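Me: I've got a model open and I'd like to learn how to read it. Can you walk me through it?

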Amino acid sequence: MSLSAGRPTVGEVDLGALEFNYRQIQKRIPEGVKLLAVVKADAYGHGAIPVSHKLEKLGVEYLGVAIPEEGVELRRGGIKTPILVLGGIFEGEVDPFFRFRLTPVLFRKDSLKLLSREAEKRRKKVRVHVKVDTGMGRLGVPFNLWADFLKEVKRFPNIEVEGLLSHFSMTDQEKNYTHSQWRAFQRAVRMAKETGISCPYLHMASSAILTAFPSYSANLARPGIMLYGSYPSSTYQPLIPLKPVMTLKTRIHFLKSVPPGTRISYGGTFTTKRESLIATLPIGYADGYSRHLSNQGEVLIRGKRAPVVGRVCMDFITADVTDIPHVSMGDEVVLMGKQGREQISAEEIAEKINSISYEVLCLIGKRVPRVYKE
Ligand SMILES: Cc1ncc(COP(=O)(O)O)c(C=O)c1O
């Protein structure tokens, strides 16, 4: 098998799979509901600029990032679609919102005043989305202060409310909590109308909600994880077909035959019980391959599973490939994704490290080049 130049560890991003997932989500939500695609955290590790260009081509209505810097990166990368900064305004930093046409989510009175003052200086109107807390308990105007906040917003003629939003905290077990959050949001929207605020965008539903309660999508749904082909939890898997977008792969860097009783990697936590073939793979926890996968993870080589043995190091892992026929140096290794009929999902890895697929994807580090295919 030929080796291309350089370290062969890559995250292969399938933009065709992203399109497939986008279309599946569109099918799931009621007609007329638009999509705000969440591309924060570098599009959950997939590369925010190429992912956003693809979403733009697909006609996405809005993009969502967590912090202004992520919005600036998208604008500098040529993205024209409206961008909502979900995390709000940090430490009075309002300039990027004007310079790069970013829309802030608003829930603090001091940000409101600052924004209005800056808009006045620049003789501009500024569009905002106002967030109400209906039960998530993280960001958003507390419900008991909502009426007062709306009145305050109305005092500033250069603040244009383009959207109202909230966020479901959603557990699979407590549907009643979800229903009560939705009712609270509807009440919040009614209160806004009564104050003279009506706006084009109302949004609350992330992946889990648009799947389980599509009618709670208001007129703009905010999917993140499902665009990337993972499920918010296994409950949703039968409800919507998705294709994983990222394949994490490398090639065997070193292969050696060792006698029984050989200790492998730091701390000698694995000892061979038989004459074994040990493959060293050029990926480690510095690349986001969690150290919790030491003696736990599996990889795919020649369409078969091989166990990760010994501790995950910063730059390398070791796998026992004794049972893979004809294994050789340079063979392709899939750490996450499909090979032949076998597949290792982000969810499978998440379960092993006691986490969620979101974290598995976001952990994949900058040192791993992303390569894109359509
Ligand atoms: C405010 C907000 N909306 C939408 C999303 C997207 O959620 P998901 O990735 O579960 O679809 C997130 C993700 O954390 C979020 O924080």
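Reply: Sure. Keep in mind that this is a predicted model. A good place to begin is the ligand: the space it takes is the largest pocket.

Me: Which residues are around the ligand?

Reply: For this, look for residues with a heavy atom within 4 Å of the molecule. Here the list runs Val-38, Lys-40, Tyr-44, Arg-138, His-167, Ser-206, Ser-207, Arg-222, Pro-223, Gly-224, Ile-225 and Tyr-358. By character, that shell divides into five nonpolar, four polar and three charged residues.

Me: How do I read the polar contacts of the ligand?

Reply: Check for pairs of N or O atoms within 3.5 Å. An N or O atom in the Tyr-44 side chain is 2.6 Å from a ligand oxygen. Arg-222 puts a polar side-chain atom 2.8 Å from a ligand nitrogen. With Gly-224 the backbone does the job: one of its polar atoms is 2.8 Å from an oxygen of the ligand.

Me: How much of the ligand does the protein bury?

Reply: Compare the ligand alone with the ligand in place. Alone, it exposes 400 Å², and the protein buries 89% of that.

Me: And which domains does the chain have?

Reply: The domain assignment gives domain 1 (32–230) and domain 2 (246–373). Their centres, taken over C-alpha atoms, are 39 Å apart. Where the two meet, the contact takes nine residues from domain 1 and nine from domain 2.

Key. Residues are numbered from 1 along each chain as its sequence is written. This is a predicted model: local features need pLDDT of at least 70, side-chain atom pairs count only at pLDDT 80 or more; totals for chains, interfaces and linings use all residues. Side-chain values use heavy atoms; hydrogens and water are left out. A polar contact is a pair of N or O atoms within 3.5 Å; within protein, one must be able to donate a hydrogen and the other to accept it, and residues adjacent in sequence count only if both atoms are side-chain atoms. Accessible areas come from the Shrake-Rupley method with a 1.4 Å probe; for residues, only the protein chains shown count as cover. On a 1 Å grid over the protein atoms alone, a cavity is a set of points where a 1.4 Å probe fits but cannot get out, and a pocket is an open set with protein on both sides within 12 Å along at least five of seven lines; lining residues have an atom within 4 Å of a point. A molecule sits in a cavity or pocket if more than half of its atoms lie within 2 Å of its grid points. Ala, Val, Leu, Ile, Met, Phe, Trp, Tyr, Cys and Pro count as nonpolar, Asp, Glu, Lys and Arg as charged, and the others, Gly among them, as polar. Domain bounds come from an automatic or database domain assignment. Contact means heavy atoms within 4.5 Å.
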